[in-house]
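Q: Please take a close look at the strand pairing in this structure. Which strands pair, and in which sense?

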Amino acid sequence: MNKILYFSALLLPIILFSSFANAYYVNMIEPFNMTIPNNGNVMLGKVGPGQTFFITINSSVKNSAGLIIQRGWNELLVEKAPEGWLFANSPLNRANISIEISVPGNAKNGTYNFTFEAINIGNYSKLGNVIFHASINVTPDVFKLNIYPTQLNTGPSQPVPIYVSINNTGVSDNPFIITASGLPAWNNTLTVIALHHTTKVFKYPVYVDEPGVYSASISVASSSSPLIHKEESAVIDVKASLLNDYNALGEGALTFPIIYAPVYAVMNIIGKFFN
């Protein structure tokens with residue numbers, strides 16, 4: 001009995017060392033930085049219907065001796081994915097290996113699950129493979145919108161800038177489209193990119209042809225789906241006045257030859273001073 005206990009005590013450190021030696025991992029760098037152990041789980045965050053996003057891992061990993069293997073993971077595969085979702089397995093032997101995943105445009109709100117596998121091809125570096133599991137939440141609520149100012153003064157056919165702040169809380173980098181409605185003038189659309197997990201402010205010029213007080217609706221939608229959409233309102237008071245003309249010059253509304261550009265600059269400064 002004592003011999004059995006003695007050999008068990010000898011074997012236990014060996015078993016534990018073997019378990020830790022094979023406890024390899026992946027370093028995920030997109031959509032955010034995280035070290036994921038073999039058979040680990042990660043919640044990726046939010047994505048909208050129709051959007052695309054990337055799962056990217058670094059190819060380097062430490063082996064059981066603590067040495068860094070620069071191309072330890074040669075490929076990243078999708079072992080399990082929701083039905084109807086599109087993806088392509090990663091290219092081989094890159095410093096960072098990525099999978100692009102596309103959400104169906106008709107995907108219902110809810111949580112969806114994936115299983116990924118990092119491959120050491122042919123077990124060349126004696127790392128085996130690492131499997132990890134990921135979940136993502138599909139919802140159209142993947143960004144926050146703020147505009148300023150919400151009270152503006154301008155003259156007819158003179159551009160007035162509205163600043164559009166987009167806080168992209170999702171994992172996709174798909175473009176957003178800014179539009180204006182509710183005004184007696186045609187206004188351009190503006191396509192912009194606010195990268196995932198960042199906030200960016202965009203200058204959007206608005207035009208009104210006729211004097212009056214108007215409630216403009218500033219709309220932001222993802223280029224991937226009209227379901228991903230928010231809007232805010234701004235009141236624009238349009239009056240013909242010399243001061244409004246001066247302010248408009250700073251937005252590029254020139255009505256005379258370019259040789260008068262220095263004069264425009266002075267006039268615009270006057271307009272800013274009196275605002």
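A: What follows goes through the pairing strand by strand.

The model is predicted. Start with β19, which covers residues 225-238. Strand β18 spans residues 212-222. The two pair in the antiparallel sense, over 11 bridges. A hairpin of 2 residues connects β18 to β19. One bridge links Ser222 to its partner Ser225 in β19.

Strand β19 also pairs with β13, residues 151-154. Here the sense is parallel, and 4 bridges make the join. Thr154 has Val238 of β19 as its bridge partner. So β19 is antiparallel to β18 and parallel to β13. In general, strands of a sheet pair through backbone hydrogen bonds, and both senses are possible.

Now the open sheet. Its 5 strands are ordered β2-β1-β4-β9-β8, with antiparallel pairing. Strands β2 (34-37) and β8 (86-88) are the edges, each pairing on one side only. From one strand to the next, the twist averages 30 degrees.

Look at the β8 edge in detail. Strand β9 covers residues 96-102. It runs antiparallel to β8, and 3 bridges join the two. Leu86 stands opposite Ser102 in β9. As a general point, side chains in a regular strand alternate between the two faces of the sheet.

To recap, β19 has an antiparallel pairing with β18 over 11 bridges and a parallel one with β13 over 4. In the open sheet, β8 is an edge strand, joined to β9 by 3 bridges.

Methods
Residues are numbered from 1 along each chain as its sequence is written. This is a predicted model: local features need pLDDT of at least 70, side-chain atom pairs count only at pLDDT 80 or more; totals for chains, interfaces and linings use all residues. Side-chain values use heavy atoms; hydrogens and water are left out. Two strands pair if DSSP finds at least two bridges between them. Axes are lines fitted to C-alpha atoms, for helices over the stretch in contact, and angles run from 0 to 180 degrees between N-to-C directions.
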